[in-house]
Each structure stands twice: as C-alpha cells, then as structure tokens.
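Here are some short exercises to work through at your own pace. Try each task before you read its solution, and keep the picture beside you.

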Amino acid sequence: MSEGNILLKVENVGKQFEGNRVLKDVNFTLKKGEILGLVGENGAGKSTLMKILFGMNVIQETGGYEGNIYLDGEKINFKSPLEALNSGIGMVHQEFSLIPGFTAAENILLNVEKTKPNVISKIFGKRLETIDEKEMKKSAQIAIETLGVDIDPDTLISEMPVGHKQFIEIAREIDREKVKLLVLDEPTAVLTESEAEILLKAMRKLADSGVSIIFISHRLNEIISICDKLVVLRDGVVIVERPTKGVEIRQIAEWMVGRSVEGEKSVHIKNEEDFDDKDIILEVKNLWVDMPGETVRDVNFKVRRGEIFGIGGLAGQGKLGIPNGIMGLFPSGGEVTFNDKNLALNNTYNALKSGLAFVSEDRRGVGLLLDEPIDMNIAFNAMQVHDKFIKKLLGGLIKWCDNKAIKECAEKYIKELDIKCTSEKQKARQLSGGNQQKVCLAKAFALEPTLLFVSEPTRGIDVGAKKLVLDALRRYNEENNTTIIMVSSELEELRSICDRIAIVSEGKVAGILSAKASVTDFGLLMSGIDKLEEEGESNEQN
Amino acid sequence: MKLKSDSLKRFLIDSAVPILFIVISVIAIPLSKFTGLYLVREIVTRLTRDTFLVLSLLLPVMAGMGINFGMVLGAMAGQIGLIFVTDWGIRDVLGLVIAMIISTPIAILLGYFSGGVLNRAKGREMITSMMLGLFISGIYQFFLLYLCGSIIPIKNPKLLLSRGYGIRNAINLDTAGAFDKLLRVKIGGVPVSFGTILIIVAICIFTSWFRKTKLGQDMRAVGQDMGVADSAGIKVEKTRIQSIIISTVLACYGQIIYLQNIGTINTYNGADQAALFAAAALLVGGATVSRATIANAIVGTGLFHLMFIVMPMAGKNLTGSAMLGEYFRMFVSYGVVTIALVLHAWKRQKDKEMDRAQFRVDVKTSK
Amino acid sequence: MNRINQFIKSFGWPRIIIALFLISLFIAGPFFGVSTDMSLNDVFVRFGMNAILVLSMVPMIQSGCGLNFGIPVGLVAGLIGAVMSLEFKLTGPAGILAAFLIAIIAATIFGYFYGKLLNRVKGDEMIIATYVGFSFIFFMNMMWIVLPFKNPSSVQGFKGTGLRVTISVQEYWYHIISDFLKIKFTEHFTFPTGMFIFFALMSFIVWAFFRTKIGAAITAVGSNPEYARAAGIDVDKMRVISVIFSTILAAIGIIVYQQSFGFIQMFNAPLSFVFPSVAAVLLGGASVNKASIANVIIGTILFQGILTMTPSVINSAISIDVSEVIRIIVSNGMIVYALTRKAR
C-alpha cells in the first residue's frame, strides 16, 4: 500500500460528549477511487465520525476531538462544513437539503453559481455579478449525466419524485470540481429498487474516475455488492476493517450487533410459557402512520396480556411511528383492537381514556412542561383524562385543581422512583435527563394504564439512570401486571427486559423473535434481509 | 385538457384578490359619477406618485421576510432630507437630488439597524418591523420637535414652530413637482410626467436585473429555506440585512418622489401610513407575503387607488354620508392586508397538509 | 454580586431603567412644585382605569397566542355594551351591569370567531391580530353610523342619526365603580377604592380560572402544545377559550375605563389602546409567552406612572412637553425589545 495512493487516513480518533464516550481510538484508511462501506448500529458512532470529518459546529462546541485526520497526506481540522467543502469533501445527508422552489440546476449550483461580471459588479463586488443561466444549465446537465439518470435541470425540486431529489442532492456534491471524497449517508433509503441500482452504478463510475466514497447503509447486500472495503463500528470502536471480498452478510450482521461477551442475559423471571396467543390485549393490523422520518407502512402484530413486548430496529425505519400512531399523535390508519374492542385511531383522548399510556421518545419536546413544576407534570394527564386530583365546586360546574392531592401523588412517585429534586415544586427544566425521564414515567404511571407504551426510555441518560429506569419499568410490569410495549434502538436493552421483540424494517415488521434468539438473527432482520423472516417466525413459535 | 383547466383554476385563485377589487371598482365607478377622464387623470397621477414606494417592498418579500412594514424608516429618512433641503433653499431637481444624497446614509443606517433587529426576531419579522417603525417614529419626532432649531440649526423661520424650535406640522416644499415637471406631456387631456415615470422604469429594470444577480439569487435562497442556504455557505443574516437596507433606501427615494408630487410634508403623521398603503397596494395587485412581482406592484397601485378615489364618493352618493365611504376605504385598506396575511398563513398550513396527504397516498399504494 | 446580576438579568434592563426613572420623577416632583398627592391621585386613578385592559393580555399570552394586538375586538364589544345600555336608558348600577352583560355576550361571539381565525394562522398570530383589530374598528365605524341608535345623548345632535364621537355617561353611570367606598385623603387625592376592589375581583377570577382543570390545560397548551396534544387535549379549543376570555376582559376593561373617564369614546378611539396595553404587560416583566397577574400590576403602575409623571415633572422642570414622545418611545420600544427576545 503506497502512501501516495491514500486519500483519507483516520488515526486514533476519539470523541466524548460531556463525559459520554462515543468514539474511541478509531483507525482506518481510504484509498483514492475506493468505496468504503461504513456499517454499525444506531449510536455506534457513525454519524459522530462523519460530523468530525465534515467539521460540524457541534464538534467544536463540545470541545473538539482526539486524534488526527489526514486528507491527501495533509492534516486537517475543519472549523466549519464550509472549509470541508472547500477541501473537496462532499456530504449527502439523510434529510434533503434542497430548496423546493428552485430548479434542479439552481440547487445543484447553490452558492457556486456561474456568473458573468458586469459594470456594476466591477464597482460593488462579485455578489452583483449576473447569473449565467445557460452555463448553469450546462454544468448541471453534466453533473446529472454523470449519475446516469435523466432529469431535466429546469424541473422544480418541489415537482420531483423523492428518488430524483436524492440524485440532485448527490449531483450537487459531485459538481464541485475539487470533490475528492464523497460521504453518502443512507442514500438508498428513499429510492426504489431500480433507482437504487442506478445509484450504485453511478457510484462505481464516480469511484473509477478517482473520487473516493464513504457509503453508509443499513442494506448490507448493497454494501457487499458495491464496496471495496468494509469498516464496522460498534460502540465507538472499529470492530473490523477489511476488504469486502469474501465477506458474508451474516458475518457483517454479527459484527454489527454481537457483543464480545454476551452481556446481561435476559433477567426477566417470567417464562414464555406463561403467555400464549389466547389472551391478546392488543392486536394491530395493517397499521400505517404518517410520522415524518419514521413512516410506518404496514405493520401487524399481537401483544399478549402481561408481557413486555419490545420493538426494535434502526433509526428511520418506523419503529417510533408505531406508538405515536396508535396514540393519535400522528395521522394513522389501519385496525387496532385493544381489549377486544376496536380502538378509534387519531384520537389521543380516547386512547388515553381507554387505558393506554405513552412515554414519548421526545422527552423535552412532548413529554414535559419544562417550565412547570414536577407535580404538575406528573398529575397533568391523570387530571385531564380521568378527572383525578379534582375537587368539584358548585355541583361540578367548576373543576378545581386539588393541589394537596397533586402534591401527595407527586411525593409518592418522587419516593418510589427516587427522583432527585429539591422539592415537588422544582421546575422540570432543572432536572437531569434521567430524572426528567422518571417524571415522564411517573406521569404515565399516574394514569394507571392497562397498557403502557414506552419509547426510547433510556435515550440520552447516563448508565446508572438507565438501570433505574429499566428496573422501574420491570417492577411496574410485575406488580400491576401492566402490559408494556417498549420501543428502543438499543437491542441489548430490549433483550434484557422484554419477552418478545419485533424488529421493524422499512415500515414493516421484519420478524418477531424471542428475546433469547441470537443477536445475529436480530442483526439480519434489521438489515432487511427478507429471506430470514420465516426463520424468525418459526423461532417465535417454539 | 385537464392541465389547461387546472392552470386556469390556478390563475383564478392566484388573482382572486385583484379580480375582487376589479369587481368592487366596476360596481362603484358608476355610483361615484366621476367622469372617465377624471379617473384616468387621477390614476395616472397616483401611479407616478406611489409606484416607487410599493416597489420598495419587493426585495424583503423575496428574502422571505414578508412585508417590510419597517419601510417607514426609509420614508422618515427621506422626509428629513427634504426638510433640510427646504431649509437651505435649494430648489427644483437639484434640491431633490441633494435631499436624496443627504437621506441615503440615514436610510442605510436605519436599514442596517432594522435588519439587525429583524434577524433577532426570525419568524415574526412583520410584526417586529411594524413596531420598529412606530418606535423609530418616536425618535424621529424627538429629533424634529426638540433637536431641530435648538441643537441643529434651522435658518428658515417658516419651518419652525412659533416657540422657536421644532419643525412645523406641515411644510410647503420648494422642490414641489420638480420631477413631475420634467418631460411632462399632455396626452388627450391627461398630463403624464415622463420624468418620474422614467425613474420608476429605471427602478423596475434595476429590480428585475437584481433578481438575476448572485446576491438576488442568494436572497431567494435565503427566503425559501434559511437552513439550506446556510449549509451551502450563504451568509444568511448578512443577506437579510442587505435586503432590508436596499428596501429602506428605496422607500426613502419613494417617499421623496411621493412628496414632491404632493408638494407638502405632513411632518409627523405622513410616514406612518406609507407602509399600510404600500402594503395594501401590493397585496391588492395579487402579491402574497412570499411572492411579489413588479406587475403585482403596478397593477395593485392602480387598482388600490382607483378604489381609493371612487369609494368615498360612491359611499356618499349612496348613503349621503361622506364619512361612511372614508371608513370603508380604511376598512378595505386594513382588510386587504388582513385577508392577504390570513390567506398566506392558511395556505402555508394547507400546503404542509397537502404534502403529507400526497405522502400518505404513496404509502397506501406501495402496500 | 452574582445574585444582583442574576436579578438584573431576569428582570431585564429596560424595566430597571424605567423603574429608576419613575422613582427619580417622584423624588424630583416636589422640587418643581408638583404636588405629590395630585401625582399619586393620578397614578391610582389611571391604574384603576387601565389595569383590567392590561389584565386582558394574560389569558392569550398563557395559551401561546402571543400578545393580544387584536384587543380592539374586545374594546368594540365593550363599546357595544356601553351604547346599548345607554339605549335602554338604564342608569346607576343597573346601567353598568347591563353594559357588562351585553358586552360579555358580544365579546363571547366576537372572541369565538377571532379565536377560530387565530387558530388558522398559527405562528403569525400577532401581525394578523393587529390588522384584524384595525380592520374591525373601521368596520364598526361604519356600523356606528348606520345602526339605528335612538338615545339623543348618543346620536349626533344635528342629524339625529349616527353615534357621536364621544358620548357622555354623566347622567347614566358616571363613576359608579370609582366612587364605591372611595376614601378622600387630601383635597387632591381621592383613592378610588371601588376600582381597586373591582380589579382585585377580576384578578381573582383570572387567577382562579388558571387553577381549574381547563385553566391548567390552557397553560399546558401555551407552554408546550405538543405536550398538551399528547395528553389528549383539544389544543384549538383551548386557544379559542383563552381568546374569548381575553376578549371579555378587554370589553369589561373599557367599560370600567369609561365610567371613570366619564365618556364613551367611539370610532377610532380603540386604536389608541392597543400598543399601550401590550407595552404595559411587557413592562411588568411578561414575555411573549408567559404572563402573570404580578406582571400586570407592576407593568400598569410603571407605565401609567411614566405617563402621568413625565408631563407634570418634566414640563415643570424644563418647560418642554416631551411626554408624548417619551410615551411613544417607551411603549413601542418595549414591544420591540420583547419581540426580539428569544422565545423559550
């Protein structure tokens, strides 16, 4: 391996956010004209690594990173994405960053427009140069053609199908003349199969012309078919760096999810034999949910009374949409039967009233009133839905908040869940993430639900608090026989607490496995390998 | 065929407001009993008088900042320029040009300040720019009422209040009609001031040229999506400030053109209404808070003023009360701005829903 | 030191400057021959006249509808109540109660549609409210001319139709609330106890309202609409309720103002209440999305204090009347300041 041929060298890179280590000692190299497949679970550190590479502001604001990165043999440390762009790194993000009212050409050349000088611009500077539409169109046309697709550069982005938008986004990056390294973050997620194929071909073409590509995808078969080289990240560490040749999908899946030691074994006391399909508390048929970024397309599953049912899968695949849809927070359709009764969708009040409760993944955005005291946060839902903590005055005409009852309730949960606070009157904003999460749990418990949805209960909280939250959930499940459906991107967490786990991929349930199934099986389901679906289901039957 | 009817529908929806005003005017014109010649003369006068002010609103709309109600800052700068020129006794076109020269730096400064404030109030630019106009009007009054004639020397006693300092409420301009008198031609009994019209044409050309420059393109990008523009390396805040500066300076010139036509300055109340009438005119022309063209500005100015002339008279002839027409006129001015703002906000919500609805269809068909 | 900084930060520089300015005016007053009792009298009377109008900002701010620049909707409802009461020729307590009752009915109807409209334009409430308020005033101006009012004290003398610009309530319900249990301290200082009791009553209603189930729901909607939605609350309905409540308070407030002032000011008069009412609540420490009754009280005292003290003290001191300009700069400046604060 000659030094001259190496474009990117990542050396001992590490990063921690406020004491939370997300990357440790990451090393790999990328040669010119090579395609590198980067895989890993959510939270494995992929996006942090890319943020470092791209000089995103977050990195600087949180104290920079450790180690060195070399581009073309030169050490780099970008202060802003703009510097990265100028050094020839292009990045296509998962979310589109296109201007809908602009044409394809205008988007491709955004802020690098072709201009012609004129009299006024000679006096007042370059920004008053006139746009050269003809040149822009030509340049855009070339970029689009490189990708091997046929899109008119004059089309407005808002009138394009999703797949075309993705191509425009990539065309924008390759149009920059200096582009040496292209980072594609899940570019095929929104494409149809044939479009994905065109894109993969285009990537090959680009690579052959000397551009190096870092390709992030959860579709492992794509990784195998296109990449020269494979890097697997797990828990912030590079597990494998090797050529793709001769690697099997199963193997990658294992590297992705497999823990070196089989961590905490499932500790729940209940046996699967305790449950069967005779006592179904919730049945979901053909559910679709229109939750931006977490679309659910067609989901079917049954939950048995008293179990803890896990829903896992990679980010953006739709697992979060399931509870949000059933609870009526996002438009949804399909058929949901709860306690043998049909549950009307798109009606949050009704869902809560019939005994469901939901702890949202968006703790600060949906879960809490940050500027209100803890007791109000805990009691609010129970008060609004079940008329608890209410004193009726004037024969029920005035429903007065019973502050004493609210206080007692809050004190009870503060004690039970060990919420660390100065008093029940402390503002929710001032609590730590873990304690905020406990307040969210208390809010749901105060509703005394028969079925509880918990979404990402341990996201963004420290290890100690994680255990407390999970313990609280398990205890609540055991003491009250409340059925719990827990959605989480952390497979280990699901395996440690759940009885059965459904894996959601591309808006559908890829399979439902017992928590005891092997990690590899879970990994494969996450990667959307269809052929293993049957195997998954047979597992469940055992 | 379907496409044709769709685009027709779209055209009708887009121009619903102008059509509504044409209908109102068509009903009101016979009631007002004005002669055609009189109306044409009035409209031509008012088009030359007001169009420039309305045009000054275009760029902030393009930069996504909505109607720049803060254009009154520019109008005030223009008035200050005119007051000084009057004090120095400079007449005619030279006086106007010097007034423009004096007021330009003031307008740039005020525009810079205004742009900075609006950058701190993203998402509520319109209400903030309106309040900013009222706030600066307090400072403007302080400047003219207490500083002029006491700290700032004013030689011409005709300008001062009888107490010895402070500018009078109404000032006659020596420069009255200076632009209008240039190249004035009578066409069929209607005097047309080609001098002023040439200035307006020049500004139209400037605006449409500006849209095609890099800076114009940046403004459009910022106006559509600040986030994307920022990640592409466009300096969002700076671009927004620039659009407000240009708008303020243009409003300043617009006010000078407006006042030279009127011939007198209403020192303390003149500028306040400038933004309301300019905004109403633009919106009557079919513009929205996020899209406005030169054609919208010109058509709107014509239609709005047609209604403005006709309505009080029609109201009087119909009910015998002149005040009724006057109130109706004010009601319509405010009402049209209200309707345009409501329609825009409502459409934005609907568009979002439509996007999602389309998505839902996709989801269902893919099953 | 740190705590002082903290205090200044939370209270905000503009408020501190204005409070200091007001205090210095009170101290300086006597030196320029301004009698303190007269100043106090003015401040208390003006407080009583305006406090309920300022209070009417609270429900809408709490529900997240922002500052109620559309207060004319409520003011017009109050005008309707007042002129209708005169039309029935009711005097004394019956007169003002009738005025309240009719005003409340009108305000409920107007507030309902106003609230529905604001729900359609979320995010742009303030600018639209401003223009709705203005348009509504001019619409009602036409109505004042057209509607067949009969009472000779209300209609224009020479024509017999169309309302007067100012209508005296001298013979109907002048000072009905102001003079209730009034206490005369000195010749120039009479404490309008009635107005303070009435304000206390209104404040209590607002306070109590936010301690009921619906009130708590409205607070949640304003504080975090997503949270409220996830608790199964009909966000739009809560917003409409708060708008109706604000509108009713504004209607009551303007009648209280009129009974003290002695005249019903018709036509364009409501225009001049918009920005001062908004500015006062902000001056009291409220923000675009959080307001309390304490904010109302502090704000009204500061704002009305400045308004009464600047003309008398500064005019006596330097014999220049800058009060109008100061009013414009303080009230509008305060609103601009609040609008540029980051919403949290």
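## Exercise 1: The overall form of chain A

Task: Work out whether the radius of gyration of chain A agrees or disagrees with that of a compact globule.

Solution: Start with the length, which is 542 residues. For that number, a compact globule would have a radius of gyration near 24 Å. Chain A has 26 Å, which agrees. Keep in mind that this is a predicted model. Next, look at the extent: along its principal axes, the C-alpha trace of chain A spans about 80 × 60 × 45 Å. Finally, count the secondary structure, and you should find 20 helices and 24 strands in chain A.

## Exercise 2: Inside and outside chain A

Task: Find what share of chain A is buried, and describe its exposed surface and its charges.

Solution: First, the inside: 57% of the 542 residues in chain A are buried. Second, the contacts: take those between residues at least 6 apart in sequence, and 67% of them join residues at least 24 apart. Third, the surface: chain A exposes about 22800 Å², and carbon and sulfur atoms supply 49% of that area. Last, the charges: chain A carries 70 positive and 84 negative ones, and their mean positions are 4 Å apart.

## Exercise 3: The same steps for chain B

Task: Repeat the globule check for chain B, then describe its make-up.

Solution: Chain B has 367 residues, for which a compact globule would have a radius of gyration near 21 Å. The value for chain B is 22 Å, which agrees. Its C-alpha trace spans about 85 × 55 × 35 Å along the principal axes. Chain B contains 15 helices and 4 strands. Of its residues, 55% count as buried. Chain B exposes about 15600 Å², with 67% coming from carbon and sulfur atoms. For the charges, count 37 positive and 19 negative side chains in chain B; the centres of the two sets lie 3 Å apart.

## Exercise 4: Where chains A and B meet

Task: State how many residues each chain brings to the contact, and which three residues of chain A supply the most buried area.

Solution: Chain A gives 32 residues to the contact and chain B gives 27 residues. The area buried between the two chains is about 2700 Å², and carbon and sulfur atoms give 58% of it. On the side of chain A, Asn111(A), Arg127(A) and Trp288(A) supply 25% of the area that this chain buries against chain B, more than any other three residues.

## Exercise 5: Three single residues

Task: Decide whether Glu186(A), Leu181(C) and Ser260(C) are buried or exposed.

Solution: Use the cut-offs: under 20% relative accessibility is buried, and over 50% is exposed.

- Glu186(A) is at 10% relative accessibility, so it counts as buried. This residue sits in the loop between β9 (181-185) and α8 (193-208) of chain A. Although not a glycine, Glu186(A) has a positive phi of about 50°.
- Leu181(C) is at 54% relative accessibility, so it counts as exposed. Look for Leu181(C) in the loop between β1 (166-168) and β2 (183-186) of chain C. Its phi is also positive, about 55°, although Leu181(C) is not a glycine.
- Ser260(C) is at 8% relative accessibility, so it counts as buried. This serine belongs to helix α11 (residues 235-261) of chain C. Leaving out residues up to four places away in sequence, Ser260(C) touches several others, including Val45(C), Tyr174(C) and Met195(C).

Notes: Residues are numbered from 1 along each chain as its sequence is written. Chains are lettered from A and ligands numbered from 1 in the order in which they are written. Side-chain values use heavy atoms; hydrogens and water are left out. Helices (H or I, at least four residues) and strands (E, at least two) are DSSP runs, numbered from the N terminus. The radius of gyration is taken over C-alpha atoms; the globule rule is 2.2 Å times the number of residues to the power 0.38. Buried means under 20% relative accessible area, exposed over 50%, partly exposed in between (1.4 Å probe, protein chains only). Accessible areas come from the Shrake-Rupley method with a 1.4 Å probe; for residues, only the protein chains shown count as cover. Lys and Arg count as positive and Asp and Glu as negative; His and the chain ends are not counted. The place of a charge is taken as NZ of Lys, CZ of Arg, CG of Asp or CD of Glu. Contact means heavy atoms within 4.5 Å. Buried area is the accessible area (1.4 Å probe) that two parts lose on being put together, summed over both.
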